[in-house]
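The following note sets out points for a colleague who is reading the sequence beside the coordinates. The points proceed from single chains to the packing between them.

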Amino acid sequence: MTTFSEDVLLQVGNVKHKKGEGTLYVMNERIAFILQGSETVSVSHLYTDIKMQKISSEFKTKVQLQLVFHNGETSTFHFIKPDRSEAMRDRDKVKDVLFKLLPKFQKKVNKELEEKNRILSENPSLLQLYRDLVITQVITAEEFWSQHAPKYVPRNVNNNQSTGVPANFLVNIKPQIDGCNSVKYNLNYETINCIFKTYPAVRKKHLEYVPSKMTESEFWKKFFESHYFHKDRINLGANDLFSECAKYDEQELKKELRTLDNNSLVNLSSIDDVDIGEGYGLFEDSSKTTNLIHESIIKRFNQHSISVLKTSKAHSSNSEMNINKNIPNNIEKDTARKHDLPNGNCDTIINYKKSKIMDKINYEDLNPSTIDNCEIESSNLKLNKVEQFANELTKCTRSDNKSLKLKIANSMKEQISNEVLKWSKEHTTCPINPSVAVQALGELTPGGKLMKGLLDDSQSGLLLPPEVSKELQNLYMALGELLRHFWACFPPTTPTLEDKLIRTHDALRRFHSVKLKPFEDTVLREHSHLNQISSHLTLMLNSAYTKYSSWHCRRKPYPS
Amino acid sequence: MSESSSKKSSKHDLKSKTLHCKNLHEYLKTLSSSVLDRLYIHPITCLAVYRELSEIAKHYIIRIIFVEQPVPQAVIASWLSKAYAKEHKEAVEALTELKIWKESSVTGGLPVWELNPVFKKHIRVALLGGGKNWFMSSHMEADTKPRDIAFLDAYAMERWECVLHYMVGSHQQEGISADAVRNLLHAGLMRCDNDGSAIITKEGFQFLLMDTAAQVWYFILQYLSTVEDKGLDLSLCLTFLFQLRFSILGKDYSTEGMNDGLLIFLQHLREFGLVYQRKRKAGRFYPTRLALNMAAGQNQSDVSIREGYIIIETNYRIYAYTDSNLKVALVGLFTNLIYRFPNVTVGVLTRDSIRTALRSGITADQIVGFLRMHAHPKMISVGSSILPPTIVDQIYLWEQERNRFNFSEGVLYSQFMSQNDFETLRDYAQDLGVLVWQNERKRTMVVTKSSHDDVKKFWKRHSRGNS
Amino acid sequence: MESEKSLLIVILDTSLTHDVMCNNKIRMSEYLNAVTVFVNCHVMLKPTNKVAVVVVDTIDCQFVYPDNNLSLTSLRQTTGQCEIFSQVEYSLRNNISNFISQNAKKDILTTEPLIGAACAKSLCYISRLERELEAGKSLNSRILIITGSDNECDKYVRFMNIVFTAQKQNVIIDVCSLEHDIALLQQACDITEGIFFKVPNLSALLQYLLWIFLPDPGIRKKLVVPPPNRVDYRPLCFCHRELIDIGYVCSVCLSIFCKFTPICTTCEVVFKTPTPLPGKAKKKKK
């Protein structure tokens, strides 16, 4: 009945889609819908296209499931079992299956897109090529990725790195409050995974309870209701499902504390709620009474952090051995690893670390003991040779030269003074000799003696404006890529090569009209003296066309 | 087939003319070259003309002023980096228009610029000295009662406001001579009412809102256009005006050596407050700031003549800190005045008050310009935009409200004998792009006035061909 | 009504100890003439252009224009020269000749002109004018130093402080050197974005002044001016007075030495003997 060679995971009848009644099939990679009495699949959606699913509210009369796609479109299925509860059950079944399936595909799609994005952003030249060729629709995106970019795509991406747990994942589960007193938490697959990773005890409970004793949602409801989730775990009722977990966590923390005891980098044992108030942290406010709630929440935070760190530990354990060897160098790289180290080794490392940190944070001249002893006073710069300090950076003139000059100057001053006196009475009408003025004009005009270092304006006119040069560079790059593929097709001995040749030729034609023509037009309009600039590009294209047409002519006769 | 007989101008240009105040450059361009040549004989006019040039042009002149030979055009063009070629072109045009330099070529056909020798000689005189002295600078004894700058400012303002006062509508002809009134009438700022008394015109209203320097310059320009009818020498008067412009405030000058015509001119200037003279025959005069700032243009005037007094708030309230009736009246042109106190008047800008002003021919530009010009120093010191932008925008919006009609002059063609004729002519006009309006049913169409002749000719040819 | 004034302060070095003067490469009267005409040209450009002239030599420095003692009425035009120009010219001629004849009575004891002091005076003058500005107006100020000095100017540290003050006040310092490339003044120009120019031919001094220093900074971008030289920022060491690229700097008083000394000769601080710790000898920026 179905044309797909896929497993049907779920089959639900009595479903309406766009006024037509039929059966909904949930399969491995897609969801399909077949109209009643029809043999063919009328609707089929790949999971990779689906962004999310939505269900109708429980109070609505219609029991519906809506799929939202990445391109913004939606598709609605209406479950029309006469019995409403049955319809609901059908719907929920579909929903649950999809709930498990979708994340896998979503990740796949996202990963692919992300990967491509990353490649493009890491290779600006490839990005430019992408812009020039794909966005202008000279070639299609698939062609681009398969033919032009393969050397950029990493060959085998098999070292699957598992994502770490973000420390704030609990905070990110934001409750939605809907009017009346209820609070709604939206959990997704990833968050659940995070919780499991961080709190193994909860996972244990989940395994224990979920399929058998309560449903998934009931379990999580309990979880959130429980004080376990709430920040201050003071009053845990004995009947609480998670009280055991809490106890387990407590034990874990204690264990951690023991191993970390002599590590100066983390101080878990001192639980002080110190805020930097008066005294700016210099004086400890001893009057403060320790607050049980505060204490417990700090403890809780520490424990949470430890748990989060521990999740990343598992992966690194296999590489532990070689790291042990060169610990002094590597030690600060991975703080999470420290718990596993044997105790004896640990001590030396920690001491080393301590000393290193002390080295970094302590300054001899800021040492409080030394500061306390001497009174704080602003120290003045005491110079014993003020003159030297102020003057010495200037070149000294030879003293004999200096005295000679002074002698001349002193002898001249009468004469100059008379000259200036005469000058003050006279009147000039010609302050500069015209011929000298012309000479200076020549020197200062671009091209003249004094303007040598300057870029000649007439030359700079021949230089390309930066934006044109950039554009030209891109054109060369894009066309070069296309031509490389074009010429690589010769001689076209196989049908695939022939096919590729035709496609590349079309791409060249498109490139010519979409990119090169507008460029030529702009250049002609704005920089008319540069009109020859694209001639080489055109020449390259034309030789490709000639080659293609000659091949085309010769090929024609024999297939037909 | 009848002629499309009735033609009438269907729409008038009802738009109000805005008062255009030429700057010195534009004024000089209108003068004949002989007048220009005569003007360049006076160093002071050379200087005045020089100051009006664009900055680039000024530097061109400075660079070649001490050079005795013509300079190749390419050389001068290379002085400015290529990115500013437009400014170079403008500078070259201005210099050519004002006949400061002229194009010629040396042997070898190299095009060169040659500085006007008269101009060159005399601007060098202005800068360096030599030549004849000014006709108002002959030596004289020190004034026994010298006038200080504050006094001169007060005097100038009082005289000038007298003129404005007269315009605003105090009908008594007090303190203003018949000559001045004639000048106002000539300038079109006022017109004679039926009973012979002068009333202010639309242009007059606009005039009132200009800044003082521009007012003086506009007024003087109008005066100069009548000066030759009065038997005075235009170039002499201009030269004298320029000398006043470059004179020093607070210094007294001698009337000795001035001819009768100039003395009359001086008396006119005295009346408007451009110069101060204790007595008509005192033999000495003091130029005032009005004369110094004349035509200097807004951003060039050295020191503004008066303090701003208007504070305007975003709630459309206007506070005018002044006790002058004239200033209150000016603000009242476009404001709804609410309170009047000894030193401050409070008003509010409303749609009605602005529309009243707009109806009397004042433009929004002028209102905004007026407010900006007279803004209180407190408002200026606040920030870059002196007036609250919302107020400015609103005033412009109120103005645009009135411009819902576009007027264009045209000629109406009607009473076509046949639909065919009508369509032929209409299509012809449409192809030319001169069709303003048409109605097929009534067989009427309007074409632009300028193309009337073309359409008419076409029609003649068409009807002749048909008949 | 935003209006901009442009103030040019010319610092005119009339010291007799410079080579230019000693060897009579330019006559003093020619020199003064050129500067006077240049100053007048600045006034001619725009009515809002203001000018001040400070004359400086090895003994004293003094404002010669604007001159508050000048009485307006004492001056009557005798030629066709415009009054504003003759006023400037008259003040310059009178006051400069007074200044020179006064100082001719004193003994010249040093070869270094007091350019730093003149700059300081000019900056004070500028800041006073700026304070007196009306609301909504702005003042563009620049200082032009015209000197024949070959020496690096009087007091390095003090002069540099003045230069940085000028930079902070947005005052451009231009230098027209009559003969030498003066590293210190080149640095001053470079820091304040001014122009340093060495006149190649003293007889055309005026033309060079008009060409290069008359345009305001705003218009300099448009007009093509000679390209700037590379500025040498190398300092001289305190011990041998030689230009050095890398040296030792006293950590207390910042004195520069080309060799390691155990005691700073300037502030007498005792340095610890070089420890195994590397990096004690700090690099001086080039």
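**Notes on the predicted model**

1. Buried residues make up 16% of the 560 residues in chain A. The model is a predicted one, and the values below should be read accordingly. Chain A contains 21 helices and nine strands. Among its contacts with a separation of 6 or more, 46% join residues 24 or more positions apart.

2. Chain C has 286 residues, of which 49% count as buried. Its secondary structure consists of eight helices and eight strands. Residues 24 or more positions apart supply 67% of the contacts in chain C with a separation of 6 or more.

3. The contact between chains A and C draws 46 residues from chain A and 49 residues from chain C. On the side of chain A, the elements giving two or more residues are α15 (386-391), α16 (399-425) and α17 (434-444). Of these, α16(A) provides the largest share, with 16 residues. By class, this side of chain A comprises 25 nonpolar, twelve polar and nine charged residues.

4. The largest nonpolar core has 194 residues, and the members that touch the most others are Leu47(B), Val10(C), Ile11(C), Val53(C), Val54(C), Ile173(C) and Leu209(C). Helix α2 (residues 28-45) of chain C contributes the largest share of this core, eleven residues. Apart from it lies another core of 20 residues, including Tyr47(A), Leu65(A), Leu67(A) and Val94(A). In soluble globular proteins, nonpolar side chains tend to be buried together.

5. Which residues does Val54(C) contact beyond its neighbours within four places in sequence? They are Ile9(C), Ile11(C), Leu12(C), Cys61(C), Gln62(C), Phe63(C), Ala118(C), Lys121(C) and Ser122(C). Val54(C) and Ile11(C) are both named among the core members that touch the most others.

6. Helix α3 (residues 43-52) of chain B deserves separate attention. Ten of its ten residues are buried, so the helix is largely enclosed by the rest of the structure. The buried residues include Arg51(B) and Glu52(B), as well as Pro43(B), Ile44(B) and Thr45(B). Leu47(B), also buried in α3(B), is one of the core members with the most contacts to other members. The buried residues of this helix pack against α1 (24-30), α2 (33-40), α4 (55-64), α7 (117-128) and α12 (234-245) of chain B, together with α2 of chain C.

7. Chain B also holds an open sheet of four strands in the order β9-β10-β12-β11, with antiparallel pairing. Why do β9 (310-312) and β11 (336-340) each have one side without a neighbour in the sheet? Both stand at the edges with a single partner strand, so one side of each is left unpaired in the sheet. Neighbouring strands of this sheet are turned by 20 degrees against each other on average, direction ignored.

8. Within that sheet, β11(B) pairs with β12 (residues 345-348) of chain B in the antiparallel sense, over four bridges. Tyr339(B) stands opposite Val346(B), a residue of β12(B).

9. Is Gly131(B) buried or partly exposed? Gly131(B) is partly exposed, with 17 other C-beta atoms within 10 Å, whereas a residue counts as buried at 20 or more. Gly131(B) is found in the loop between α7 and α8 (149-168) of chain B. The C-alpha atoms of Gly131(B) and Lys121(B), ten residues apart along the chain, are separated by 9.7 Å.

Technical notes
Residues are numbered from 1 along each chain as its sequence is written. Chains are lettered from A and ligands numbered from 1 in the order in which they are written. This is a predicted model: local features need pLDDT of at least 70, side-chain atom pairs count only at pLDDT 80 or more; totals for chains, interfaces and linings use all residues. Two residues are in contact if their C-beta atoms, placed from the backbone, lie within 7 Å. Ala, Val, Leu, Ile, Met, Phe, Trp, Tyr, Cys and Pro count as nonpolar, Asp, Glu, Lys and Arg as charged, and the others, Gly among them, as polar. Two strands pair if DSSP finds at least two bridges between them. Axes are lines fitted to C-alpha atoms, for helices over the stretch in contact, and angles run from 0 to 180 degrees between N-to-C directions. A residue is buried if 20 or more other C-beta atoms lie within 10 Å of its own, exposed if 12 or fewer, and partly exposed in between; C-beta atoms are placed from the backbone. A nonpolar core is a set of buried Ala, Val, Leu, Ile, Met, Phe, Trp, Tyr and Cys residues joined through C-beta atoms within 7 Å.
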